[in-house]
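Welcome! Please take a moment with the sequence and the 3D view, and then we can walk through them together.

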Amino acid sequence: HVALMGPSGIGKSTLIEAIARLRPAQGDIRLDGVPLDQWGEADLRARVALIVQKPQLLAGSIADNIRLGRPQADDAALREAARRACVLEFAAGLPQGLDTLLGSRGHGLSGGQAQRVALARLFLRDPGLILLDEPTAHLDEATQARVLDEILAFAAGRTLLLATHSPAVAARFPRVLRIADAQVKDA
């Protein structure tokens, strides 16, 4: 588990997206020792989970958006994922709870709420590599701590790379890397 730090605009998001093969990259990126360009698309998407700073949500219910992580998930698994991501906390105050309809791009949710819905999606999956870009940036301190607890618990036995500006978040990781002068170095 590694926290990736550096000032805004230094390339944290670019690096994470390159590892997920969503951006072209120079150099050698390997996943399980296999060059990234040799991974089939379906195998790569099954192995890697990426949550960007502004996750994509679709028009539909909160539950529908969470289920994108595993469409065949039963209601119990969906509720557990929502609980772990602290989605139930805000959904309980909505007229239809998890069945509340969202507009396109998640219209109707705050940035932090949208981020938690995306994290709930993650908790329905079984990726070996988890790439998170500022997953707690829009959360208050108490919610940030609870969500981070769940992320770290879920990531046990998996590889986790989390980009953050928060020293408090980075302090929870056994290793912190910093991007500076176009290089990644131990902090």
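## A hairpin to begin with

Let us start at one small pairing: alanine 180 has glutamine 183 in S10 as its bridge partner. The model you are looking at is predicted, and this pair belongs to strands S9 (residues 175-180) and S10 (residues 183-186), which are joined antiparallel over four bridges. Another of the pairs links arginine 178 with lysine 185 in S10.

Two residues lie between the strands of this hairpin, and aspartate 181 has a positive phi near 55° there.

## The sheet around it

Now zoom out a little. The hairpin strands belong to an open sheet of six strands, ordered S4-S7-S8-S1-S9-S10, with mixed pairing. Strand S4 (48-51) and S10 are the edge strands; each has a single partner strand, so one side of each has no neighbour in the sheet. From one strand to the next, the twist averages 20°.

Strand S1 (residues 2-5) is a good place to follow the pairing. S1 runs parallel to strand S8 (residues 159-163), and three bridges join them; here alanine 3 stands opposite leucine 162 in S8. S1 is also parallel to S9, this time with four bridges, and methionine 5 stands opposite arginine 178 in S9.

Helix H1 (residues 12-19) packs on this sheet, where it touches S1, S4, strand S7 (129-133), S8, S9 and S10. The direction of H1 makes about 155° with that of S7.

## Two sides of helix H4

Which residues of helix H4 are buried? In H4 (residues 75-84), they are Leu78, Ala81, Ala82 and Arg84. Around the helix axis these four span an arc of only 165°, which means that they sit on the same side of H4. On the other side, Asp75 and Ala76 are exposed.

What do the buried residues of H4 pack against? Their neighbours are helix H3 (62-67), helix H5 (87-91), helix H6 (111-123) and helix H7 (141-154).

Both ends of H4 have a detail to look for. At its start, a side-chain oxygen of aspartate 74 comes to within 3.2 Å of the backbone nitrogen of alanine 76. Just after H4, cysteine 86 has a positive phi of about 60°.

## The nonpolar cores

In soluble globular proteins, nonpolar side chains tend to be buried together. Here, the largest nonpolar core has 42 residues, and the members touching the most others are Ile62, Ile66, Val87, Leu98, Leu122 and Leu132. H6 gives this core its largest share, seven residues. Apart from this core lies another, of 16 residues, including Leu31, Leu44, Ala163 and Leu177.

Leucine 98 makes a nice stop for a closer look. Leaving aside residues up to four places away in sequence, leucine 98 touches Ser61, Ile62, Ala63, Ile66, Leu78, Arg79, Ala82, Val87, Leu88 and Ala91. Among them, Leu78 and Ala82 may be familiar from the buried residues of H4.

Terms used: Residues are numbered from 1 along each chain as its sequence is written. This is a predicted model: local features need pLDDT of at least 70, side-chain atom pairs count only at pLDDT 80 or more; totals for chains, interfaces and linings use all residues. Side-chain values use heavy atoms; hydrogens and water are left out. Buried means under 20% relative accessible area, exposed over 50%, partly exposed in between (1.4 Å probe, protein chains only). The arc is that of the directions from the helix axis to the C-beta atoms. Contact means heavy atoms within 4.5 Å. A polar contact is a pair of N or O atoms within 3.5 Å; within protein, one must be able to donate a hydrogen and the other to accept it, and residues adjacent in sequence count only if both atoms are side-chain atoms. Two strands pair if DSSP finds at least two bridges between them. A nonpolar core is a set of buried Ala, Val, Leu, Ile, Met, Phe, Trp, Tyr and Cys residues joined through side-chain atoms within 4.5 Å. Axes are lines fitted to C-alpha atoms, for helices over the stretch in contact, and angles run from 0 to 180 degrees between N-to-C directions.
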